[in-house]
Amino acid sequence: MMLRQFCAPLTAVDSVNTESVSEVTARKDIRAGDPYLSGHYPHFTIYPGIFIIESVGQAVRAHVTRHHGAAYRAELVEVSSVRFTAPLVPGNTLELNARLTPGEQDSDLFRVKADARREDGARCAQMTLTFRLEDRNA
């Protein structure tokens, strides 16, 4: 099986807290100088919604590494729902909180319910994603 590369070189999280077994939090400062922002809506630059999903994915992958070991990875397999409610613009900080729950039918699947907010508390996105836990050595 060939391993995918994820949005490299996009760093979609600046810090991640993986202490909890069932929750992961992360932050991302939205910087005007980041190369991927310049073309996303000229004259009103915003952090793309797909990058918020990638921010959650990078946080979840850090959580999996911490709690399952470096041999494991998380593969996004489904976006069940996503709702974008407020923009993130340069100068904002994205604050993510994601709860992870094991799948009921398949022990390799887990569901992630993520809430994304700006530093002022305004919700920018809510999403429910499903990931598959994969052993790289299998």
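**Figure 1. Arg 118 in strand β5.** Arg 118 sits in strand β5, which runs over residues 109-118. This is a predicted model, so read the close-ups with that in mind. Is Arg 118 buried or exposed? With a relative accessible area of 16%, Arg 118 falls under the 20% cut-off and therefore counts as buried. Leaving aside residues up to four places away in sequence, Arg 118 touches Ala 86, Pro 87, Leu 88, Asn 92, Thr 93, Glu 95 and Cys 124. For a sense of distance across the model, take Ser 20: 98 residues separate Ser 20 and Arg 118 in sequence, and their C-alpha atoms are 22 Å apart.

**Figure 2. The salt bridge between Arg 118 and Asp 120.** Zoom in on the side chain of Arg 118 and you'll find Asp 120 as a salt-bridge partner, with the closest N and O atoms 3.1 Å apart. The two ends of this pair have different labels: Arg 118 is buried at 16%, while Asp 120 is exposed, with a relative accessible area of 51%. The exposed label needs a value over 50%, so Asp 120 at 51% gets it. How many salt bridges does a search of the whole structure find? The count is 13.

**Figure 3. A salt-bridge network with five members: Asp 14, Lys 28, Asp 29, Arg 31 and Asp 34.** Salt bridges link these residues into a network. One of the pairs to look at is Asp 14 with Arg 31, where the closest N and O atoms are 3.2 Å apart. That pair ties together distant parts of the chain, 17 residues apart: Asp 14 lies in the segment before β1 (15-17), and Arg 31 lies in the loop between β2 (23-29) and α1. Asp 14 is partly exposed, with a relative accessibility of 35%, and Arg 31 is partly exposed too, at 37%. Now turn to Asp 34 and Lys 28, whose side chains meet in a salt bridge at 3.6 Å, N to O. Are Asp 34 and Lys 28 buried or exposed? Both are buried.

**Figure 4. Helix α1 and the glycine just after it.** Helix α1 takes in residues 49-68, and its end C-alpha atoms are 28 Å apart. Why does that distance agree with what a 20-residue helix should span? The expected span is 1.5 Å times one less than the number of residues, which gives 28 Å for α1, so the two values agree. The helix is mostly covered, with 14 of its 20 residues buried. Right after α1 comes Gly 69, with a positive phi of about 105 degrees.

**Figure 5. Ser 55, a buried residue of helix α1.** Pick out Ser 55 in helix α1 and check its cover: the relative accessible area is 0%, so Ser 55 is buried. What does Ser 55 touch, not counting residues up to four places away in sequence? The contacts are Ala 12, Val 13, Tyr 47, Leu 94 and Leu 96.

**Figure 6. Pro 48 in the loop between β2 and α1.** Pro 48 belongs to the loop that joins β2 and α1. At 7% relative accessibility, Pro 48 counts as buried. Look across to Leu 88 as well: Pro 48 and Leu 88 are 40 residues apart along the chain, and their C-alpha atoms are separated by 8.2 Å.

**Figure 7. A nonpolar surface patch with Phe 84 as one of its members.** Which residues form this nonpolar patch on the surface? They are Leu 76, Val 79, Val 82 and Phe 84, and together they offer about 300 Å² of accessible area. Phe 84 is found in strand β3, which covers residues 72-84. At 43% relative accessibility, Phe 84 counts as partly exposed, because 43% lies between the cut-offs for buried and exposed.

**Figure 8. The whole chain, for context.** Zooming out, the chain has 1 helix and 6 strands, in the order β-β-α-β-β-β-β along the sequence. The radius of gyration is 15 Å, close to the 14 Å from the globule rule for 138 residues, so the chain is as compact as a globular protein of that length. Along the principal axes, the C-alpha atoms fill a box of roughly 50 × 30 × 25 Å. Of the 138 residues, 38% count as buried. The accessible surface comes to about 7900 Å², and 51% of that belongs to carbon and sulfur atoms. Among contacts between residues at least 6 apart in sequence, 64% join residues at least 24 apart.

How values were computed. Residues numbered from 1 in each chain as written. Predicted model: local features only at pLDDT ≥ 70, side-chain atom pairs only at ≥ 80, totals over all residues. Heavy atoms only, no water. Patch = residues over 30% accessible without salt bridge, like charges linked within 9 Å, V, L, I, M, F, W, Y side chains within 5 Å. Areas by Shrake-Rupley, 256 points an atom, 1.4 Å probe, with all protein chains shown as cover. Salt bridge = Lys/Arg side-chain N within 4 Å of Asp/Glu carboxyl O. Helix = DSSP H or I, 4+ residues; strand = E, 2+ residues; numbered from the N terminus. Buried < 20%, exposed > 50% of the residue type's maximum accessible area, 1.4 Å probe, protein only. Rg over C-alpha atoms; globule rule 2.2 N^0.38 Å. Contact = heavy atoms within 4.5 Å.
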